[in-house]
Amino acid sequence: MSRLHNKHIILAITGGIAAYKSAELVRLLIKAGAQVQVVMTSGATEFITPLTLQALSGNPVHQHLLNPQAEAGMGHIQLARWADVLLIAPASANVMARLAQGQADDLLTTLCLATHAPILMAPAMNQAMWHDLATQDNLKTLLARGFQVHGPADGEQACGDIGAGRMLEPNALVSAINEQFEQSLLSGKTVVITAGPTREAIDPVRYLSNHSSGKMGYALACSARDQGAKVILISGPTHLQPPEDVTFIAIESAQDMLEASLNVGAVADYFIAAAAVADYRPIMASEQKLKKRDADHGLTLELTQNPDILATMVQQHSHAIHVGFAAETEALIRHGQNKLERKGVQMIIANDVSNTHIGFNSDDNQVSLITASGVENLPLLSKQQLANQLILAISNIPNKA
Ligand code: PMT
């Protein structure tokens, strides 16, 4: 998973023949999962059309500082705040001079003054212009102010000269942007997450299930993915869209969920069981729809216990770190501690499901983290905020010896 997933990148393009490489740059950034807003100077539009960059970035191109329509949408200050990184590529001698003087006479220069994001630039110009003392002085000024300058590369130039002045290739610039972001907490790790309810068939049209919406498990999948993990989400039926960039396995019953979990268990570094698995299933699901009998005849269903998926994973894939939930209506901590021991997991996330504002099907949750070393109570949070904290806590669990 790329470190650029969901990162906000402004690509500012100035006038120069290397502007044609910007199209490939946008394509690579989007492919790496970044969100890209393109800013073009009027000079840039002489070399490449805004329409091309709009199509590649999926966003309208920003060209003017004082455009009432643009300011009504994402205005220049909002755009400056939105950015995680601002890359100027190609950066012409002219823009370097204007930035060195601190000008704010167009959208690009104004953004550079207004943003707190790191500013990278990839100069591209004729080799004599690059070596000119004025450009070199501007370069020193910009470096001293914290601009990061990548390139230019040596080689044959569009004008026929040979020397320093070629814009770095798009791949190299994507790597330079990547370097701006910390190594993620779960880079190189595989996280398997179960989510949602299971359905245990009574007959072809009826089943036993519960109120799990999948929100908690899906939020964990997004957080783990955003921390660089390869995520496998095994989900019972929900109304949620499978998160992007996550391997999604849809299942119905507890037995399906067990089978899917065991199939991927060997590659899991972490197994997080957020699913509300039905503890029992009908001994036999009727092949035909059960018929209603006389009013004075009831219906007795004989149930058998489902396998405990989490406990089975602990036994069969003991290399992984296992985290379970405990859905309780009383004695939260005591029952959670019992589950920690009984299932042999490294952490139990206990939630009080008797409170309708948290737990099943709500947007918020409040949990206690139970490990062998103690209990930590987390505040009431949205499930996504909570998932971010949980992934942080889970990534801090020491590796198994
Ligand atoms: O899906 P939402 O609407 O967002 O709701 C979230 C939630 C309330 C479902 C979630 O926060 C939660 O508590 N999930 C676990 C629900 C549950 O089944 O808890 P339990 O205490 O019965 O089970 C303990 C643990 O064993 C859980 O990790 C469960 O996934 C696992 N288990 C249980 C039974 C079984 N047969 N196999 C299992 O793996």
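Is Asn6 buried, partly exposed or exposed? With a relative accessible area of 35%, Asn6 is partly exposed. Keep in mind that this is a predicted model, so every value here is computed from it.

**Two asparagines with positive phi**

Asn6 sits in the segment before β1 (8–13). Its phi is near 65 degrees, which is a positive value in a residue other than glycine. Asn361 also has phi near 65 degrees, again positive in a residue other than glycine. You'll find Asn361 in the loop between β17 (347–352) and β18 (364–365). At 46% relative accessibility, Asn361 counts as partly exposed.

**The overall picture**

Stepping back, the protein has 14 helices and 21 strands. The radius of gyration is 28 Å, well over the 21 Å that the globule rule gives for 401 residues, so the protein is more spread out than a compact globule. The C-alpha trace spans about 95 × 50 × 35 Å along the principal axes. Even so, buried residues make up 49% of the 401 residues.

What about links along the chain? Take the contacts between residues at least 6 apart in sequence: 68% of them join residues at least 24 apart. On the outside, the protein exposes about 19700 Å², and carbon and sulfur atoms supply 50% of that area. As for charge, there are 27 positive and 36 negative side chains, with the centres of the two sets 4 Å apart.

**Lys21 and its partners**

Lys21 is a residue to click on. It belongs to helix α1 (residues 20–31). With a relative accessible area of 8%, Lys21 falls under the 20% cut-off and so counts as buried. Which residues does Lys21 touch, leaving aside its neighbours within four places in sequence? They are Arg166, Met167, Leu168, Glu169 and Pro170. Pro170 is 149 residues away from Lys21 along the chain, but their C-alpha atoms are separated by 6.8 Å.

**A mostly covered helix**

Helix α12 (residues 309–316) is mostly covered, with 6 of its 8 residues buried. Those buried residues are Ile309, Leu310, Ala311, Thr312, Met313 and Val314. What do they pack against? Their packing partners are two helices, α11 (254–264) and α13 (332–343), plus two strands, β13 (270–273) and β16 (321–328).

**One aromatic pair**

The structure holds 1 aromatic pair. The rings of Tyr218 and Phe248 have centres 6.2 Å apart and planes at 65 degrees, so the pair is edge-to-face. Tyr218 lies in helix α10 (residues 215–226) and Phe248 in strand β12 (residues 247–250), so the pair ties together parts that are 30 residues apart in sequence. Tyr218 is buried, with a relative accessible area of 5%, whereas Phe248 is partly exposed at 30%.

**Cis peptide bonds**

Two cis peptide bonds to look up, each leading into a proline, are in the table.

| Peptide bond | Omega | Where the proline lies |
|---|---|---|
| Ala89 to Pro90, cis | near -5 degrees | Pro90: strand β3 (residues 85–91) |
| Gly151 to Pro152, cis | near 5 degrees | Pro152: loop between β5 (148–149) and β6 (153–156) |

So where do the two prolines sit? Pro90 is in a strand, while Pro152 is in a loop.

Terms used: Residues are numbered from 1 along each chain as its sequence is written. This is a predicted model: local features need pLDDT of at least 70, side-chain atom pairs count only at pLDDT 80 or more; totals for chains, interfaces and linings use all residues. Side-chain values use heavy atoms; hydrogens and water are left out. Helices (H or I, at least four residues) and strands (E, at least two) are DSSP runs, numbered from the N terminus. The radius of gyration is taken over C-alpha atoms; the globule rule is 2.2 Å times the number of residues to the power 0.38. Buried means under 20% relative accessible area, exposed over 50%, partly exposed in between (1.4 Å probe, protein chains only). Contact means heavy atoms within 4.5 Å. Accessible areas come from the Shrake-Rupley method with a 1.4 Å probe; for residues, only the protein chains shown count as cover. Lys and Arg count as positive and Asp and Glu as negative; His and the chain ends are not counted. The place of a charge is taken as NZ of Lys, CZ of Arg, CG of Asp or CD of Glu. Rings of Phe, Tyr and Trp (its six-membered ring) pair if their centres lie within 6.5 Å; planes under 30 degrees apart count as stacked, over 60 as edge-to-face and the rest as tilted.
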